[in-house]
Amino acid sequence: MSTSPKEPRAKARGGLQLNLKGRNGIMSNISVSVIVPAFNEEKVIAGFVKELLSLKKANWEIIIVDDGSTDKSAELILENDITLLRHQYNRGYGAAIKTGIAKAKNDVIAIVDADGTYPLSELPHLLEFMGSFDMVVAERKSGVSAARIPAKWVLKKLAEYLSNSKIPDLNSGFRVFKKSIAERFLRILPDGFSFTTTITLAMLTNGYSVKYVPINYQKRIGKSKIHPINDTLAFLQLIIRTVLYFNPLKIFIPMSLMLFCASISVLLLSRFLLGYVMDVTVVMLFISGIQVLAIGMIADLIDKRI
């Protein structure tokens with residue numbers, strides 16, 4: 001999924017013609033819409049905008065979506081070369097990105113947070129790979145909060161099992177992808193921070209190619225908008241729900257096998273330890289296993305048909 005071919009494709013999936021030369025001999029000739037969700041970032045937004053404009057090429061479009069900020073973020077964004085979109089109230093990180101996607105003129109979309117944690121100078125490098133991949137993700141190598149590492153590791157391992165893919169960074173907020181592909185999944189892409197997690201799983205479980213590019217990740221200025229416990233539980237629910245959309249048997253077959261094994265274990269243990277068979281429990285566990293397997297098969301048939 002994340003291996004680089006020796007030669008970039010002349011034509012990417014979806015018919016987008018790209019002319020690439022790279023940092024390895026490259027000049028990126030891609031028309032890109034850079035979408036920046038922003039919410040109460042007045043401490044850093046002016047510097048962020050200045051740096052982004054210094055990188056801007058003639059074929060770049062910059063869209064900043066102010067997600068109902070209550071500070072002076074929107075006033076500090078006003079620039080001639082930037083499209084500013086505003087939500088009347090805070091609708092969420094994912095909702096801001098979807099608003100930007102709807103207004104974007106180009107098929108290549110880049111998203112990056114406005115909090116100064118991602119090195120904007122890496123954006124041209126990420127774009128170099130868009131001739132060969134459907135999504136390019138900036139893989140964070142440093143600066144991630146230590147308090148969130150255990151939960152993120154568990155979620156990442158679960159996501160890797162469910163998607164059957166190696167995922168170096170599950171929810172990086174700095175990535176490039178194709179608008180034509182993202183629009184396929186708009187109905188399931190959430191309005192919250194789990195937008196990036198969902199689009200990662202949606203891409204991987206549908207066979208799209210994803211490239212991870214290591215970057216340094218800086219400590220943010222100001223307070224993070226993520227709530228560790230609530231958002232971790234939401235991410236866990238989201239991962240399972242997303243895979244149910246695309247590969248439900250990954251969930252239902254293991255559950256069914258666990259119930260079958262439990263019924264056999266109760267049968268043997270009760271027979272040899274208690275001297276009698278706990279027949280009601282054995283039958284209930286066995287029937288539950290059959291029901292779970294049947295539900296999984298039906299869900300898989302519905303998924304394939306849709």
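Which residues of helix α1 (residues 45-55) are buried? In this predicted model, in which residues are numbered from 1 along each chain as its sequence is written, local features need a pLDDT of at least 70 and side-chain atom pairs count only at pLDDT 80 or more, whereas totals for chains, interfaces and linings use all residues. Side-chain values use heavy atoms, with hydrogens and water left out.

The buried residues of α1 are I45, F48, V49 and L52, where buried stands for under 20% relative accessible area, exposed for over 50% and partly exposed for values in between, with a 1.4 Å probe and protein chains only. These residues lie on the same side of α1, because they cover an arc of only 95 degrees around the axis, the arc being that of the directions from the helix axis to the C-beta atoms. Helices (H or I, at least four residues) and strands (E, at least two) are DSSP runs, numbered from the N terminus. The cover over the buried residues of α1 includes β3 (32-38), β4 (60-67) and α2 (73-77), while the face turned away from the buried side carries the exposed residues K50 and S54.

Confidence in the model is expressed as pLDDT, the predictor's confidence in each residue, from 0 to 100. The mean pLDDT of the protein is 83, and 82% of its residues reach 70 or more. Over residues 1-27, however, the pLDDT is below 50, and this stretch has 58 contacts in the model beyond near neighbours in sequence, a contact being heavy atoms within 4.5 Å.

The strands include an open sheet of 7 with mixed pairing, in the order β5-β4-β3-β6-β8-β7-β9; two strands pair if DSSP finds at least two bridges between them. The edge strands, each of which pairs on one side only, are β5 (83-87) and β9 (210-215). Neighbouring strands of this sheet are turned by 25 degrees against each other on average, direction ignored. Helix α3 (residues 93-103) packs on the sheet, where α3 touches β3, β4, β5, β6 (108-111) and β8, and its direction makes about 145 degrees with that of β4. For these angles, axes are lines fitted to C-alpha atoms, for helices over the stretch in contact, and the angles run from 0 to 180 degrees between N-to-C directions.

Within the sheet, β8 is joined to β6 by 4 bridges and to β7 (residues 135-140) by 3 bridges, and the strands run antiparallel in the β6 pairing as well as in the β7 pairing. R175 of β8 stands opposite I111 and also opposite V137, while V176 of β8 is the bridge partner of V136. Both faces of β8 are covered, with R175 and F177 buried on one side and V176 and K178 buried on the other. K178, found in strand β8 (residues 175-178), counts as buried because its relative accessibility is 0%. The side chains of K178 and D134 are joined by a polar contact of 3.3 Å, that is, a pair of N or O atoms within 3.5 Å, of which, within protein, one must be able to donate a hydrogen and the other to accept it, with residues adjacent in sequence counted only if both atoms are side-chain atoms.

Two loop positions have unusual backbone angles, since most residues other than glycine have a negative phi. N40, in the loop between β3 and α1, has a positive phi of about 55 degrees although it is not a glycine, and N40 is partly exposed, with a relative accessible area of 25%. N164, in the loop between α5 (149-163) and β8, has a positive phi of about 60 degrees and is exposed, with a relative accessible area of 64%.
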